[in-house]
Amino acid sequence: MCLGIPGELVDTVAEQPDLGVVMVSGVRRKINVALLADQDLRLGDWVLVHVGFALSKISEDEARAVLAFLESIGTPYADELTALRESNIDGWPGEH
Amino acid sequence: MCLGIPGELVDTVAEQPDLGVVMVSGVRRKINVALLADQDLRLGDWVLVHVGFALSKISEDEARAVLAFLESIGTPYADELTALRESNIDGWPGEH
Amino acid sequence: MSVAHGEVAQQEAPRGQVAREQQVIERIERVRRARPRLREERITMAHGAGGKATQTLIDAVFLPRLGNPVLDRMEDAAELVAGGTRLAFTTDSFVVSPLFFPGGDIGDLAINGTVNDLAVRGATPMFLSAGFILEEGFAVEDLERVVASMARAAAAAGVQVVTGDTKVVQRGGADGCYINTAGIGTMIPGVRLAAASARPGDAVLVSGPIGEHGITVMLARGELDIDADVTSDTAPLSGMVSALLHAVPGVRALRDATRGGVATVLNEIARAADVSVVVDEAAVPVSPQVRGTAELLGIDPLYVACEGRMVAVVEPDGVQPALEVLRAHPGGEQAAIIGRVAADPPGLVLLNTVFGGTRIVDLLVGDPLPRIC
Amino acid sequence: MSVAHGEVAQQEAPRGQVAREQQVIERIERVRRARPRLREERITMAHGAGGKATQTLIDAVFLPRLGNPVLDRMEDAAELVAGGTRLAFTTDSFVVSPLFFPGGDIGDLAINGTVNDLAVRGATPMFLSAGFILEEGFAVEDLERVVASMARAAAAAGVQVVTGDTKVVQRGGADGCYINTAGIGTMIPGVRLAAASARPGDAVLVSGPIGEHGITVMLARGELDIDADVTSDTAPLSGMVSALLHAVPGVRALRDATRGGVATVLNEIARAADVSVVVDEAAVPVSPQVRGTAELLGIDPLYVACEGRMVAVVEPDGVQPALEVLRAHPGGEQAAIIGRVAADPPGLVLLNTVFGGTRIVDLLVGDPLPRIC
Amino acid sequence: MAGGTLMRYVDEFRDAEKARALAARIAQLCEPGREYKFMEVCGGHTHTIYKHGLEDYLPENITLVHGPGCPVCVIPMGRVDDAIHIARQPGVLMTSFGDMMRVPGGNGSFFDANARDTNIRMVYSPLDALAIARQRPEQRIVFMAIGFETTAPSTAMTLLRARAEGLRNFFVFANHVTIIPAIKAILDSPDLRLDGFLGPGHVSTVIGCRPYEFIARDYGKPVVVAGFEPLDILQSVYLLMRQLAEGRCAVENQYGRVVPWDGNPIALQAINQTMRLRPFFEWRGLGFINHSALRLREEFAEYDAELVFDVPGVRIADPKACQCGEVLKGVLKPWECKVFGTACTPETPIGTCMVSPEGACAAYYNFGRFSRQRVREASRV
Amino acid sequence: MAGGTLMRYVDEFRDAEKARALAARIAQLCEPGREYKFMEVCGGHTHTIYKHGLEDYLPENITLVHGPGCPVCVIPMGRVDDAIHIARQPGVLMTSFGDMMRVPGGNGSFFDANARDTNIRMVYSPLDALAIARQRPEQRIVFMAIGFETTAPSTAMTLLRARAEGLRNFFVFANHVTIIPAIKAILDSPDLRLDGFLGPGHVSTVIGCRPYEFIARDYGKPVVVAGFEPLDILQSVYLLMRQLAEGRCAVENQYGRVVPWDGNPIALQAINQTMRLRPFFEWRGLGFINHSALRLREEFAEYDAELVFDVPGVRIADPKACQCGEVLKGVLKPWECKVFGTACTPETPIGTCMVSPEGACAAYYNFGRFSRQRVREASRV
Ligand code: SF4
Ligand code: SF4
Ligand SMILES: [Mg+2]
Ligand SMILES: [Mg+2]
Ligand SMILES: [Mg+2]
Ligand SMILES: [Mg+2]
Ligand SMILES: [Mg+2]
Ligand SMILES: [Mg+2]
Ligand SMILES: [Mg+2]
Ligand SMILES: [Mg+2]
Ligand SMILES: [Mg+2]
Ligand SMILES: [Mg+2]
């Protein structure tokens with residue numbers, strides 16, 4: 001639906017707190033980070049970029065949990081279930 | 001000072017009495033003839049054209065008189081004088 | 001290099017559906033092979049992008065009227081015989097914007113582009129013409145820079161500009177400066193290259209990382225506000241081609257991957273030789289910066305123009321020597337075998353993805369557009 | 001043909017004044033012969049008009065950077081040797097506006113222009129390239145017309161378009177359609193033509209009435225609101241040249257009188273050969289319509305472009321046969337001897353006026369402009 | 001590639017070995033003889049599926065059905081014509097995303113219009129359109145806004161910025177749509193049987209996961225909000241299969257690294273501050289859907305191209321041959337449309353699904369159209 | 001060619017045989033040892049003289065001195081700059097005659113300005129500028145009017161037409177000058193000795209011959225109003241020589257076929273209705289001359305580019321090397337100017353006399369610059 005690209009926040013823009021610089025594979029672009037004003041963004045954080053705006057801050061923990069789950073796929077079902085729980089996928093509201 | 005081209009009036013322009021068509025060596029252009037409104041222009045008349053306007057009606061008689069004078073140049077002085085008078089060059093106001 | 005990972009999808013789909021889909025696919029291929037009809041009443045940007053729209057324009061407007069056996073071949077350069085000498089002859093106009101970009105400018109493009117079209121045809125580039133269309137108001141200083149750059153590029157490629165022409169059009173009638181070059185080369189004896197001669201089993205190589213010119217120019221326009229350390233790959237290929245052809249007898253076809261990128265060249269080969277070309281995505285050399293910019297913009301580097309890279313089709317025996325020659329040549333360090341020629345499905349380019357799937361790499365209609373979805 | 005009517009002005013002017021004026025004239029000639037300096041910071045329309053400004057641009061920007069013995073000769077086409085064959089090679093871009101005009105269009109111009117540059121060099125035109133720069137929005141129908149016209153012109157001139165290129169630029173980046181053609185011809189054995197070989201005593205001929213193309217295009221723009229029954233003279237000269245060169249051994253130089261008209265070509269000859277060319281105004285064929293339009297606009301037909309007329313410099317012995325050959329050839333019925341080559345004053349073109357006076361016919365700076373005074 | 005190394009959040013999710021393991025698990029979960037149909041709501045998923053050849057990993061009895069989540073594909077022809085009409089007004093420079101340039105209206109696309117008389121240019125971000133407005137005060141810059149809730153916040157933020165700067169030559173032609181009413185329309189459509197949904201990952205960064213709860217609760221279909229790398233989708237299919245195998249029916253979030261359960265409150269507020277729901281809006285192929293699109297609020301009337309310019313607003317019937325509606329609802333596979341690949345191709349699109357790279361028809365035509373059978377045979381050589 | 005045949009009023013007056021006879025008569029009238037200096041007021045005459053090589057027919061002791069009657073040559077550099085300034089205003093399309101395009105201002109010519117940022121185009125008639133204004137209502141069309149009384153009526157008629165049509169996007173930047181004050185300035189100049197004047201034929205079609213009477217009456221110099229074909233000029237020289245020989249001093253009209261003794265009353269009235277004399281005006285090389293130029297009347301203020309546009313009106317000093325003033329007054333021959341033909345050439349004009357084909361320097365450089373001596377010798381070969 002919407003092309004979103006993960007980019008690393010590598011710089012700020014002087015006197016323009018709404019802006020930040022992201023890097024994608026060594027390529028830099030100024031983007032607007034105002035939609036994440038409540039996220040306490042820091043250099044080194046990764047964000048999802050869409051049409052020049054950062055839409056969300058990417059969680060490395062969540063990513064690693066998914067990868068751990070995928071690693072576990074070759075292993076018995078029980079391990080897999082543990083990995084799945086860690087990855088927090090099962091998102092019934094009550095579980096949050 | 002000002003490029004003026006003799007052209008023959010070869011056509012009128014329907015419903016635009018200010019305009020006429022002149023021909024110069026087979027080439028036609030619409031021009032404005034309003035500056036000669038008092039001259040009773042007719043097709044076949046020659047006019048002097050400058051920047052798209054007819055500035056004056058050309059007198060064939062005057063032209064022929066000059067040519068006659070030029071023809072006479074080879075002839076004795078008296079004949080020349082006659083030709084010169086005919087050509088009306090000597091323009092003291094009183095003589096008009 | 002396997003074409004599809006059949007291990008997983010072992011089950012066959014319901015017979016009827018597969019048969020129907022197969023019929024549709026065959027119908028589509030018939031439509032694709034028919035002479036295309038030009039539907040547009042006016043020229044659009046797509047007609048100049050080197051993809052399907054350009055081919056349709058050529059097929060519908062130019063070939064029916066100007067066509068002859070030489071022109072109809074639609075190779076990078078025409079092969080001619082004049083006074084008993086085998087010559088190659090080619091032309092290209094250059095309308096790049098901006099005129100100056102990291103790594104090059106319209107001047108060296110105009111030389112290298114024509115040098116390369118001669119070189120990949122198997123000719124030694126010798127003489128170039130240069131036709132300038134200048135816009136009223138173009139800075140003389142910029143013209144001097146462009147011409148100086150042409151002079152350097154010509155010297156580097158060992159060619160001479162021997163005839164020229166200059167026209168000036170009113171402001172608004174051009175975008176600064178357009179250059180046309182045409183070039184003459186003498187065919188290297190014994191060499192016969194043709195896209196149509198690709199055969200199943202041949203290997204497909206590229207001479208270096210792809211898409212750097214196109215990405216550089218796109219970014220140099222400044223509109224995308226993207227900052228990447230990437231420079232144009234503009235370079236003459238004549239030296240590399242000469243080394244390759246002298247060392248490897250089994251080279252079947254060469255093409256410089258300009259407008260439309262490597263994907264377009266591969267499609268041209270697949271169609272000309274009625275074969276399929278199967279590319280291994282993981283093997284295609286792409287610099288991180290090109291990949292990053294392409295990701296941000298949602299475009300595919302396979303379609304992005306190069307101006308100093310070529311695709312080579314080489315017989316099985318010649319593949320390793322060819323790769324060695326290319327890698328030994330300056331600018332060819334990252335040359336790679338990116339795929340191979342197969343018999344089926346004829347006329348199509350397939351890509352084995354990094355992910356292990358298979359997909360088509362078709363011609364684009366026009367330029368790849370930055371997209372948001 | 002006498003240069004000045006000395007009968008009348010027998011008395012000599014005061015010695016001192018003549019000497020001073022003479023010094024000034026000599027100083028001017030020294031300045032004219034020096035390599036001109038390009039003073040403009042930006043390209044103006046004059047740089048494309050084929051006159052002094054164009055020459056200055058070439059001398060100041062192109063030759064110092066791209067120059068080589070072939071290019072430096074600045075002939076209509078370069079003479080080359082490739083693989084042992086003597087070739088002529090030339091290029092021109094066509095940016096005419098409007099694209100269609102009575103008697104022709106940009107398509108046949110693009111073919112004939114390059115055919116003629118080859119022909120007047122003493123070559124048999126053979127192969128052409130065609131590079132199109134199209135403006136977004138250009139009507140496909142118009143493109144088809146142009147290409148069809150190119151095809152007809154190519155067939156008429158016996159040449160083939162063997163390689164091509166199409167670029168599209170954004171609306172406002174061109175004026176509909178620009179075409180570049182480059183051409184290759186094989187030199188006719190034994191023929192060596194060069195403007196520099198004109199010698200005092202040679203006769204100067206034109207192959208037909210002058211200025212018809214330029215006047216036609218000027219009027220076709222519609223801005224001048226002048227209505228004249230005049231059509232472009234666009235035509236291939238190759239047949240006529242071939243007939244001439246085979247029949248008359250004494251042809252020294254040929255030039256097609258395009259941008260800048262006959263006056264410009266004569267100046268180029270006078271300068272290249274360091275001779276004077278003396279033209280008899282009454283002998284120059286000009287149609288009444290061209291004369292009439294030129295009068296209305298205050299311009300001189302000698303500077304108006306032709307696209308199917310050439311100037312020939314012929315040794316005294318060859319003059320009458322040459323005139324006969326030209327007149328016998330279709331399109332050459334009104335060929336005429338318009339002047340002769342003299343030794344002094346070197347580098348200048350003089351005109352003996354109908355009125356019996358003498359004046360210089362210099363290069364114009366740019367295009368002749370319609371004027372009111 | 002994963003583990004303690006630096007994450008790029010891309011290549012890590014394209015690993016063929018993991019895909020094979022996952023595919024094997026999916027195959028294990030298939031009940032013999034049962035057909036599974038999952039709809040990926042989002043065109044981005046469709047694109048990924050074809051671009052990476054993901055179907056090669058799925059057993060033949062799992063079918064992915066392409067949904068309505070391509071913002072370009074659902075724009076009705078009349079809106080394209082309206083945009084061209086605005087672009088024709090004196091002094092107007094129209095801007096939009098590259099995606100829109102080739103979308104056919106009743107009388108051609110933006111590219112065709114440019115070939116006639118308009119000046120419609122691509123921008124990467126609405127902020128770029130705003131920058132043009134700043135640089136060219138003598139021109140009127142109109143931004144044609146398209147997109148779901150993912151894109152609407154960028155338009156909203158740009159409008160707020162334009163007002164803060166007092167720019168008077170910037171206008172928005174709003175065509176933002178909302179995803180939930182479209183999903184509901186599909187669920188209510190009688191001719192479709194689905195076993196579950198791959199939820200749209202990027203829309204969900206804004207709206208969160210709660211809005212999908214009604215699908216599980218009221219319609220009894222599992223939903224997995226999915227990321228856009230091929231392993232994300234494959235894992236999401238696996239999760240759907242597992243819910244079915246386990247007899248569960250819930251909203252799960254596979255894409256937790258990007259999608260917060262509650263979305264982005266700042267983005268939602270920006271949308272709410274600048275836009276309001278239209279009573280109804282036409283979706284190409286799906287017809288009129290209530291409360292399914294956004295327009296500017298009255299407070300932004302002077303920025304609203306629909307008010308400032310005289311927009312004809314004529315409804316253009318889709319071409320008769322066009323079956324985009326069926327494809328968007330997942331009733332037909334792209335190649336089942338009668339004009340697919342013959343009259344309707346990327347160079348001569350009849351329907352919008354053939355234009356956007358996210359459109360199901362374009363994705364299948366560009367990437368998927370070949371006989372897997374024959375390729376498999378050929379690859380054995 | 002003459003006689004009963006059809007007249008074309010051109011070729012008939014270019015006959016070399018008649019010229020030789022006339023030249024012989026002129027030579028007969030020369031008093032041995034006396035030097036004669038006649039000024040052709042009009043640049044058109046200068047052009048004819050050089051273009052046809054007329055000096056070849058005159059004895060060396062008759063010198064033709066080139067006067068100020070080239071409307072382009074007398075435009076001061078500041079006015080060119082003003083025009084370019086107007087042309088730079090938003091939406092302006094400036095028009096003028098081809099003659100103006102290469103005239104250097106303080107910072108280049110119109111062509112140079114076009115190469116930078118203006119849109120200044122040639123027209124053949126002010127009516128063509130008006131037609132452009134009609135066709136392009138969104139642009140502001142300014143016509144830079146130049147010329148003596150010959151051209152002023154066309155500007156006047158065009159203004160009247162514009163007002164009648166109610167056109168609001170047409171403007172005139174008036175630079176019309178009047179010939180009599182310039183002749184008077186030259187007659188009053190101390191450094192010049194003249195024996196008579198060739199009167200300007202085409203100006204006289206409008207103003208008639210009476211305005212020259214003061215020259216004969218007050219300054220004792222004969223005047224012959226002359227046509228523009230070479231025989232016209234030669235005959236006029238003959239008539240001047242005859243007046244001198246006969247001891248007469250009068251205004252004669254050689255050009256009676258075109259010039260009515262009383263001029264053109266309609267033209268004079270049109271000028272009077274639309275324009276009024278300026279208190280003074282700067283002439284290039286001649287400095288400020290009182291009542292020597294026309295501007296629009298107050299009734300036409302809304303058409304007056306000088307009022308509508310903000311015109312800087314800065315006076316630009318002529319380049320130091322420039323001796324145009326001396327050439328325009330006939331004090332110096334063109335080639336006597338220090339920069340003639342070296343620094344000042346048609347491609348790099350320093351003074352305006354090198355620009356217009358009517359300018360004395362351009363006419364001499366383009367047509368006359370060669371050694372008659374050497375040509376004569378060469379032609380004997
Ligand atoms: S093939 Fe074309 S018309 Fe048919 S559904 Fe797809 S996009 Fe629509
Ligand atoms: S040579 Fe140039 S500067 Fe000197 S008088 Fe002539 S125009 Fe003026
Ligand atoms: Mg090529
Ligand atoms: Mg080429
Ligand atoms: Mg090329
Ligand atoms: Mg040329
Ligand atoms: Mg431009
Ligand atoms: Mg030529
Ligand atoms: Mg040429
Ligand atoms: Mg030529
Ligand atoms: Mg090409
Ligand atoms: Mg245009």
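Leaving aside its neighbours within four places in sequence, which residues is Thr46(E) in contact with? In this predicted model, the residues that Thr46(E) touches beyond those neighbours are Glu40(E), His66(E), Glu358(E), Ala360(E) and Ala363(E). Thr46(E) itself belongs to helix α2 of chain E, which covers residues 43-51, and with a relative accessible area of 1% it counts as buried, because the cut-off for that class is under 20%.

The helix with the corresponding number in chain F can be looked at in its entirety. Helix α2 of chain F, residues 43-51, has eight of its nine residues buried, so the rest of the structure largely encloses this helix. The buried positions of α2(F) are Gly43(F), Gly44(F), His45(F), Thr46(F), His47(F), Thr48(F), Ile49(F) and Tyr50(F). Just beyond the end of α2(F) comes Gly53(F), whose phi is positive, at about 65 degrees.

Returning to chain E, helix α3 (residues 77-87) is likewise mostly covered, with ten of its eleven residues buried. The list of buried residues in α3(E) takes in Met77(E), Gly78(E), Arg79(E), Val80(E), Asp81(E), Asp82(E), Ala83(E), Ile84(E), Ile86(E) and Ala87(E). Chain E also holds a cluster of aromatic residues, in which ring pairs link Tyr50(E), Phe340(E), Tyr364(E) and Tyr365(E).

That cluster leads on to the aromatic pairs of the whole structure, of which a search over all chains finds 31. A pair of aromatic rings is described by the distance of the centres and the angle of the planes. In chain F, Phe171(F) and Phe309(F) form an edge-to-face pair, with 5.4 Å from centre to centre and 80 degrees between the planes. Phe171(F) sits in strand β6 (residues 170-176) of chain F, while Phe309(F) sits in the loop between α12 (305-308) and α13 (324-328) of that chain, so the pair ties together parts that are 138 residues apart in sequence. Phe171(F) and Phe309(F) are both buried. A further pair in chain F joins Phe280(F) and Phe288(F), whose ring centres are 5.8 Å apart and whose planes meet at 80 degrees, so this pair too is edge-to-face. Are these two residues buried or partly exposed? Phe280(F) counts as partly exposed at 48% relative accessibility, and Phe288(F), with a relative accessible area of 48%, is also partly exposed.

The next step is from single chains to the way in which chains meet. Two packed helices are described by the angle between their axes and the distance between the axes. Helix α1 of chain A (residues 60-72) and helix α10 of chain E (residues 230-246) cross at roughly 65 degrees, and their axes come within 12 Å. α1(A) and α10(E) are therefore roughly perpendicular to each other, and their crossing is left-handed. On the side of α1(A) the contact is made by Val66(A), Phe69(A) and Leu70(A), and on the side of α10(E) by Leu231(E), Gln235(E) and Tyr238(E). Sorted by kind, the residues in this contact of α1(A) with α10(E) are five nonpolar, one polar and no charged.

A packing of helices is also found between chains B and F, where α1 of chain B (residues 60-72) and α10 of chain F (residues 230-246) pack at about 65 degrees with their axes 12 Å apart. α1(B) and α10(F) are therefore roughly perpendicular to each other, and α1(B) passes α10(F) in a left-handed crossing. Here Val66(B), Phe69(B) and Leu70(B) of α1(B) meet Leu231(F), Gln235(F) and Tyr238(F) of α10(F), and this contact is made up of five nonpolar residues, one polar and no charged.

As for the assembly, nine pairs of chains touch, and among them chains C and D share the most contacts. Chain A and chain B, by contrast, do not touch, and their nearest C-alpha atoms are 58 Å apart. Chain E and chain F are not joined by any contact either, although their closest C-alpha atoms lie 9 Å apart.

Chain A can finally be viewed as a whole. It has five strands and two helices, arranged along the sequence in the pattern β-β-β-β-β-α-α. Of the 96 residues in chain A, 54% are buried, and among its contacts between residues at least 6 apart in sequence, 26% join residues at least 24 apart.

How values were computed:
Residues numbered from 1 in each chain as written. Chains lettered and ligands numbered in written order. Predicted model: local features only at pLDDT ≥ 70, side-chain atom pairs only at ≥ 80, totals over all residues. Heavy atoms only, no water. Axes fitted to C-alpha atoms, helices over the stretch in contact; angles between N-to-C directions. Helix = DSSP H or I, 4+ residues; strand = E, 2+ residues; numbered from the N terminus. Parallel < 35°, antiparallel > 145°, perpendicular 65-115°, else oblique. Left-handed = near helix turned anticlockwise from the far one by under 90°. Contact = heavy atoms within 4.5 Å. Nonpolar A, V, L, I, M, F, W, Y, C, P; charged D, E, K, R; others polar. Phe/Tyr/Trp six-rings, centres within 6.5 Å; stacked < 30°, edge-to-face > 60°. Buried < 20%, exposed > 50% of the residue type's maximum accessible area, 1.4 Å probe, protein only.
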